[in-house]
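Colleague: Could you take me through a close look at one part of this model, and then show me how it sits in the rest? I would be glad of one connected answer.

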Amino acid sequence: MKVNVEDVSSVKKTLHIEVPEESVVKELDSAYLQLKKNAQVKGFRPGKAPRSVLERIYGKDVRADVLSRLIQSSFADAIKETELKIIGSPKVDPPALEGKGDYAYDATVEVQRELEDIDVNGLDLTRTNYKAGDDEIDIQLQALQKNMAKQEKIEEDRPAAKDDFVVIDYEGFKDGVSFSETALTENFTLKIGEGHIADAFDDKLIGMNAGDDREIKVDFPDDYFNEKLQGHSIDFKVKLHEIKAEKMPELDDAFAKSLGPFETLEDLKNVIKDNLTQGYEKRIDQELSEQIFETLISKSEFEVPEVMVEFELENIISDMERSFQYQNRSMEEVGLTREKLSEQYRGIAEKQARRQIILAKVIEQESLELADEDLEKGFADMAASVNQPLEQIKAFYDQDKDKLEFFKHALLEKQAIKLIIDNGKIEDVEPVKEAASDKADPETSEEV
């Protein structure tokens, strides 16, 4: 067998493979010999049909089967001979097998990129020391307080005001006819001032008393979120049944006990602080990792195999599809397609592929290995993060060796990142204080 390697690029090669005639003939002879033993040919006893008859009846199928075996075996031999570290599947468009002469075909493959050793020592890194402050704990408490708030009917005899909750019936009419998008809706609760239907609608509810009827005209703008109402003038008939006020629970020990296994409000605050601290620790690690790869990628220019980019891109798009499915929506509903996402996220996918190549090189050059205790800790961390029993996590990976190897490699990547951080020149800085308007608003607004 002859093999010539053509360099298409640093990560793509075309193998010109030539199988000698004697190998082709041997495979064909073997195939027809086996076929002769089992073929049922009219007019001939089993095992007695001549080859010429078998070729006439079964020739096309035999040649296709032999061709498949020839390509499979010769390609495997070619990879051994050239010692190429291929990734993904080869692209082969083989010519038909005639059965005479040498058989030649081409196989295009992508290969692992060989990098020079990467200097993992002395990288300049900046670590922002985020800390959970009292103001952030208070914001979290207020959000919990908001979620636990109750709507209670007001006892005093007064008209509806901004921030009240009102229970109404409403129906919208277009040119005197009930409009399908604003059909009769009964006992609907909304908060005045949130613009659930429209700001103009809320403004007209102010001043109404329980039992009042009112007609409200709303001119919906051309950019209204509901396309079917854009640009329409709708006349609403509204009846107000009840006015409610939001009553917030007191932030005390009883409030804490209502949320879980907390004896005091201070216990709840400590858990919130721990959760915020864990989140900040992850943020610090992510920022350091990002700095590492921005630096290493900028220092090493290299081509990335397309198969790796496509793999990362498929993961990104699949994650987005699952996210939409979780929300009982589809990407098409918001005008997204896999083609658009492929174009939009290709740069990110390529960057992630570069990250994988760099980490693999660091793991190799630093001879990093995964000890049994490291794997056990990885399983324990995974179990804690998904809130599943440790044995269930182990059983999951025991059943799928490919996923287990992927998991082990991910742990080795973490070791590589830690190695770079431990050997880096780290400058610790305090976080820049955010303006009040940039902080999370404890009140969540509902989109209608």
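What is the relative accessibility of Asp-163, and what does this residue count as?

Modeller: Happy to. Asp-163 has a relative accessibility of 42%, so it counts as partly exposed; the class runs between buried, under 20% relative accessible area, and exposed, over 50%, with a 1.4 Å probe and protein chains only. A word on the ground rules: this is a predicted model, in which local features need pLDDT of at least 70 and side-chain atom pairs count only at pLDDT 80 or more, while totals for chains, interfaces and linings use all residues. Residues are numbered from 1 along each chain as its sequence is written, and side-chain values use heavy atoms, with hydrogens and water left out.

Asp-163 is in the loop between β6 (150-153) and β7. Helices (H or I, at least four residues) and strands (E, at least two) are DSSP runs numbered from the N terminus. The backbone of Asp-163 has a phi near 80°, which is positive although the residue is not glycine. Most residues other than glycine have a negative phi. Glu-83 also has a positive phi, near 60°. Its loop joins α2 (51-82) and β3 (86-92), and Glu-83 counts as exposed because its relative accessibility is 66%.

Now follow the chain from the loop of Asp-163 into β7. Tyr-170 lies in that strand (residues 165-174) and Phe-201 in helix α4, so their ring pair ties together parts that are 31 residues apart in sequence. The pair is edge-to-face, with 6.1 Å centre to centre and 70° between the planes. The rule here is that rings of Phe, Tyr and Trp (its six-membered ring) pair if their centres lie within 6.5 Å; planes under 30 degrees apart are stacked, over 60 edge-to-face, and the rest tilted. Tyr-170 and Phe-201 are both buried. They belong to a cluster linked by ring pairs, whose other members are Phe-188, Phe-220, Tyr-224, Phe-225 and Phe-236. By this rule the protein has 13 aromatic pairs.

Beside that helix in sequence is Ala-198, in the loop between β9 (185-191) and α4 (199-205). Ala-198 counts as buried because its relative accessibility is 12%. Not counting residues up to four places away in sequence, Ala-198 touches Val-218 and Phe-220, where contact means heavy atoms within 4.5 Å. Phe-220 is one of the rings in the cluster above.

For another buried spot, look at Leu-276 in helix α6 (residues 265-299). Its relative accessibility is 18%, so it counts as buried. Apart from neighbours within four places in sequence, Leu-276 is in contact with Ala-132, Glu-136, Ile-137 and Gln-140. The C-alpha atoms of Leu-276 and Arg-51 are separated by 78 Å.

Stepping back, the protein has 11 helices and 12 strands. Its radius of gyration is 35 Å, well over the 22 Å that the globule rule gives for 448 residues, so it is more spread out than a compact globule. That radius is taken over C-alpha atoms, and the rule is 2.2 Å times the number of residues to the power 0.38. Along its principal axes the C-alpha trace spans about 105 × 65 × 40 Å. Of the 448 residues, 32% count as buried. Among contacts between residues at least 6 apart in sequence, 69% join residues at least 24 apart.
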